[in-house]
Amino acid sequence: MDDNDFEFNQEVFQERLRLAMWRRKMKQSELAGKTGISYKTISTYINGHSKPSLGALAGMAKALNVSVDWLLGLSDVMEPEDIETEDGPLTAEINIIRRAYKAITPKERRILLSLAQALWNDLEKEQAKEDEEKDR
């Protein structure tokens, strides 16, 4: 099964969401407050009445300090792994971006890459201007 064939398993997600909340001693109301997701919506996730969006999933994983992959049943590693870079650690956000990227169409990937490149170019230009002003 490649990453584009991922099938959401509601039962695994419900079980792991409950387990993470129990281990973190976090009530639904606390999770709602930390994520900005309504209490009622979190209840629908816990009871299997709806699937979380990518943003909701990322927010819950961050608030519960678990990996998104673990919540989805794709990993047995509960804690998010930090990825050390020259700029410091990156957390589960990289995995979220990677999975989202693999789930979109080739056309959407080209658009996303074009936008990212344009953003990067703008940031580099701004940094060059700031560096130039400092040198004056």
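The largest nonpolar core, a core being a set of buried Ala, Val, Leu, Ile, Met, Phe, Trp, Tyr and Cys residues joined through side-chain atoms within 4.5 Å, holds 24 residues, and of these Phe13, Leu17, Leu31, Leu64, Val66 and Leu71 touch the most other members. At least two residues of this core are supplied by each of helix H1 (10–23), helix H2 (28–35), helix H3 (39–46), helix H4 (54–64) and helix H5 (68–71), and the largest share, 6 residues, comes from H4. Buried here stands for under 20% relative accessible area, exposed for over 50%, and partly exposed for what lies in between, with a 1.4 Å probe and protein chains only.

The model is a predicted one, in which local features need pLDDT of at least 70 and side-chain atom pairs count only at pLDDT 80 or more, whereas totals for chains, interfaces and linings use all residues. Residues are numbered from 1 along each chain as its sequence is written, and side-chain values use heavy atoms, with hydrogens and water left out.

Seen as a whole, the protein has 7 helices and 2 strands, where helices (H or I, at least four residues) and strands (E, at least two) are DSSP runs numbered from the N terminus. Along the sequence these elements follow the pattern α-α-α-α-α-β-β-α-α. Of the 136 residues of the protein, 26% count as buried.

Helix H1 also takes part in a charged contact. A salt bridge, defined as a side-chain nitrogen of Lys or Arg within 4 Å of a carboxyl oxygen of Asp or Glu, is found 1 time by this rule, and it joins the side chains of arginine 16 and aspartate 76 at 3.6 Å, N to O. The pair links distant parts of the chain, since arginine 16 is in helix H1 and aspartate 76 is in the loop between H5 and strand E1 (83–85), 60 residues apart. Arginine 16 counts as buried because its relative accessibility is 15%, whereas aspartate 76 is exposed, with a relative accessible area of 73%.

Glutamate 15 belongs to helix H1 as well, but this residue counts as exposed at 55% relative accessibility. Its C-alpha lies 9.8 Å from that of glycine 48, although the two residues are 33 apart in sequence. A further pair of this kind is histidine 49 and glutamine 10, whose C-alpha atoms are separated by 9.0 Å with their positions 39 residues apart along the chain. Histidine 49 is in the loop between H3 and H4 and is exposed, because its relative accessible area is 64%.

Two other loops deserve a look for their backbone angles. Most residues other than glycine have a negative phi. Lysine 25, in the loop between H1 and H2, nevertheless has a positive phi of about 55 degrees, and at 71% relative accessibility this lysine counts as exposed. Asparagine 65, in the loop between H4 and H5, likewise has a positive phi, near 55 degrees, but this asparagine is partly exposed, with a relative accessible area of 39%.

On the surface, Asp122, Glu126, Glu130, Asp131, Glu133 and Asp135 gather in a patch of negative charge. Such a patch is made of residues with over 30% relative accessible area and no salt bridge, with like charges joined within 9 Å and nonpolar side chains (Val, Leu, Ile, Met, Phe, Trp, Tyr) within 5 Å. Among its members, glutamate 133 is placed in helix H7 (residues 106–135) and is exposed, with a relative accessible area of 56%.

Notes. Accessible areas come from the Shrake-Rupley method with a 1.4 Å probe; for residues, only the protein chains shown count as cover. Lys and Arg count as positive and Asp and Glu as negative; His and the chain ends are not counted. The place of a charge is taken as NZ of Lys, CZ of Arg, CG of Asp or CD of Glu.
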